[in-house]
Amino acid sequence: MKVPGIIGGTGIEELAGLSIVAAHRPETPFGEPSRAVQEGLLDGCRVFFLQRHGSPALIPPHLVNYRANLWALHSLGVNEVIAINAVGGISPQMQPGALVVPDQLIDYTWGRAHTYDDGSGGKLQHIDFTEPYDRELRMQVVAAAELAGVSCTSAGVHGITQGPRLETAAEVRRMAADGCDLVGMTGMPEAALARELGIAYASVCMVVNPAAGLSEQPISLAMMHDILHQEAGVVGALLRSLLALRYGS
Ligand code: HPA
């Protein structure tokens, strides 16, 4: 049985319309998840929701306990995750307001606890990460967007930087040369940890600003939040459509 989990990013503090039936704080060998995992019904569909940055505390991207978050969801039976990420746009079509379901990523993060493999298992774990996002789940997210009348780009390369500072203009130029379409700070190690646990994982990226050096204006949190506010409703519609399409009875 497919059990969906949603990881909310910046701007998605709660899952709109979720009727909560339980809040779980499972113990994990890696400490506590960012916040209690809410279990609830959305349009009659059972779903688990976790806010990546916690609340009211705001855990910065490099300090999120990704291992505890994924472990907690897995221990509750979640086997498919849709992650929401706020990102900057690099390629010209990735303008603020765009929604993108990336098909590839490049990991520029460092020093994060990025694997469950501590070497004690007696065998090396080299997960296949050729396609970091689950193809089938990704395609269904795109189909759900179409059904809901939500415009969304069905592919893109998500570059993940360490943060919490934003990038320099030269870093963004290098990322563009590397093939990145988007830049965010929370996509890794989340996607790889999900793969290690056998969880199908797809991401919906909300473009909230042009990446550093690509616009005349400085990047401001106020600008990001305005766009996030507008996009959160659209993402909500997409998620509801996905739940009905993929998990509805
Ligand atoms: N860079 C990195 N992460 C981000 C950005 C950005 O420009 N916008 C939102 N998250």
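## Polar contacts of the ligand

In this predicted model, a nitrogen atom of the ligand lies 2.6 Å from an N or O atom in the side chain of Asn209, which fits the meaning of a polar contact, a pair of N or O atoms within 3.5 Å (within protein, one must be able to donate a hydrogen and the other to accept it, and residues adjacent in sequence count only if both atoms are side-chain atoms). The side chain of Glu167 also has an N or O atom 2.7 Å from a nitrogen atom of the ligand, and at Ala86 a polar backbone atom is 3.3 Å from a ligand nitrogen. Taken alone, the ligand exposes 260 Å², of which the protein buries 94%; such accessible areas come from the Shrake-Rupley method with a 1.4 Å probe, and for residues only the protein chains shown count as cover.

Residues are numbered from 1 along each chain as its sequence is written, and side-chain values use heavy atoms, with hydrogens and water left out. Local features need pLDDT of at least 70 and side-chain atom pairs count only at pLDDT 80 or more, whereas totals for chains, interfaces and linings use all residues.

## The shell around the ligand

The residues around the ligand, meaning those with a heavy atom within 4 Å of it, include Val87, Gly88, Leu166, Val183 and Met224. By class, this shell has seven nonpolar, three polar and one charged residues, where Ala, Val, Leu, Ile, Met, Phe, Trp, Tyr, Cys and Pro count as nonpolar, Asp, Glu, Lys and Arg as charged, and the others, Gly among them, as polar.

Strands S5 (80–89), S9 (182–184) and S10 (200–210) each supply at least two residues of the shell, and the largest share, three residues, comes from S5. Strands (E, at least two residues) and helices (H or I, at least four) are DSSP runs, numbered from the N terminus.

## Three buried residues

His53 has its place in the loop between strand S4 (45–51) and helix H1 (66–75), and His53 counts as buried because its relative accessible area is 5%, buried being under 20%, exposed over 50% and partly exposed in between (1.4 Å probe, protein chains only). A polar atom of the His53 side chain lies 2.7 Å from the backbone oxygen of Ile59.

Thr115, in the loop between strand S7 (104–107) and helix H2 (135–148), is buried because its relative accessibility is 18%, and the side chain of Thr115 reaches the backbone nitrogen of Asp117 at 2.9 Å. Leu99, found in strand S6 (residues 99–100), is buried with a relative accessible area of 3%.
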